[in-house]
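Hi there,

Here is the structure I promised to pass on to you. Have a look at it first, and then read on for my notes.

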Amino acid sequence: MFQVFIMRPSPAYGRRAVKAHRSTSQRGCARYGASAPDSAAALLPAPCDDDGMLTGLILAAGAGRRYGQPKVLVRDPGGVPLVHHAIHALVLGGCDHLVVVLGAAAAEARTLVARCAVNGSIVESVIAEDWDTGQSASLRAGLAAAAGTAAQAAVVTLVDLPDVSAAVVQRMTARIGPDSLARAVYDGNAGHPVVLGRAHWGAIRSSSVGDAGARGYLATHQVLSVECGDLATGMDIDRPEDFPSSRR
């Protein structure tokens, strides 16, 4: 079971308007001000089929026990919420529609998400009622919400990957369709985002259990590995000292 809350600015747009959005991205999320995480110059061309919508899924339901609080509420050293980084990257990366899956501290997190609806994007906050059973619950809830759209693929990322940028998302989605399966790798190490074509959603939802997410399904299917180590580290933030500025 899950609940859905939709923030729907207008007019809606996605990859068809990425070029126009590049010039206005500084205005997209007021909380970024002049320091949005991605510059227009960093965006890569994405020769996708314009008839295929993309949904971005942000898995943000966990309690963040190692961090000490739900990571959906965590801010980077500059004060920007991690969830805003993820929203900004997916929208500028070309996703037409976003689903943020919440669980722990859902009410506070939903307010935080609502404050960063980038101009023209459609952002849903989905509450996975069984979020505490593992990451698979969040993935199932996100894919269930995406099934109600015309999206041909979902770009799945985690809330605690602040250096995964729009450039990474665009590289991942350069050529995709409903049968696609792809994952980002960083210097050969598998990470996120993961691209799941619509044709796979049903099987992934039925086979995902515990904290495994889609790993079991991907292990038995042909998956395109997309090297993104030149664009980001893909490292997650498990503790406050994991932020780069904290390691100096």
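Let me start with Arg140, which is partly exposed because its relative accessible area is 24%. Please keep in mind throughout that this is a predicted model.

Arg140 forms a salt bridge with Asp130, and the closest N and O atoms of the two are 3.3 Å apart. Arg140 belongs to helix H5 (residues 135-146), while Asp130 sits in the loop between strand S4 (122-128) and H5, so the bridge ties together parts that are 10 residues apart in sequence. Asp130 is also partly exposed, at 29% relative accessibility.

The helix that carries Arg140 is worth a look of its own. H5 has 12 residues and reaches 17 Å from its first C-alpha to its last, close to the 16 Å expected at 1.5 Å a residue. How many of the residues of H5 are buried? The count is 10 of 12, so H5 is mostly covered, buried here meaning under 20% relative accessible area. Among the buried ones are Ser136, Leu139, Gly142, Leu143 and Ala146.

Leu139 leads from the helix into the interior. The largest nonpolar core has 66 residues, and Leu139 is listed with Ile87, Val100 and Leu196 as those with the most contacts inside it. Leaving aside residues up to four places away in sequence, Leu139 touches Leu57, Leu59, Val156, Leu196, Ile204, Ser208, Gly213 and Ala214. As general background, nonpolar side chains tend to be buried together in soluble globular proteins.

Leu196 brings us to the strands. In strand S7 (residues 189-197), Leu196 stands opposite Leu181. S7 runs antiparallel to strand S6, and five bridges join the two. In the hairpin of S6 and S7 there are two residues between the strands, and Asp187 takes a positive phi near 55° there. S6 is also joined to S8, this time by four bridges and in parallel. One of the pairs to look for is Ala184 with its bridge partner Val226 in S8. Five of the six residues of S6 (residues 181-186) are buried, so this strand is largely enclosed by the rest of the structure.

Now back to the charged pairs. The structure holds five salt bridges. Besides the Arg140 pair, the side chains of Asp230 and Arg171 meet in a salt bridge with an N to O distance of 2.7 Å. Asp230 lies in the segment after S8 and Arg171 in helix H6 (residues 166-172), so this pair ties together parts that are 59 residues apart in sequence. Asp230 is exposed, with a relative accessible area of 56%, whereas Arg171 is partly exposed at 25%.

Which residues are linked in a network of salt bridges? They are Arg66, Lys71, Asp160 and Asp238. Within this network, the side chains of Arg66 and Asp238 meet at 3.5 Å, N to O. The pair links distant parts of the chain, 172 residues apart: Arg66 is in the loop between strand S2 (53-59) and helix H3 (82-93), and Asp238 is in the segment after strand S8 (224-227). Is each partner buried or exposed? Arg66 is exposed, with a relative accessible area of 57%, but Asp238 is buried, at 11%.

I hope you enjoy looking through it, and do write back with your thoughts.

Best wishes

Note on methods:
Residues numbered from 1 in each chain as written. Predicted model: local features only at pLDDT ≥ 70, side-chain atom pairs only at ≥ 80, totals over all residues. Heavy atoms only, no water. Salt bridge = Lys/Arg side-chain N within 4 Å of Asp/Glu carboxyl O. Buried < 20%, exposed > 50% of the residue type's maximum accessible area, 1.4 Å probe, protein only. Expected span 1.5 Å × (residues − 1). Pairing = 2+ DSSP bridges. Core = buried A, V, L, I, M, F, W, Y, C linked by side-chain atoms within 4.5 Å. Contact = heavy atoms within 4.5 Å.
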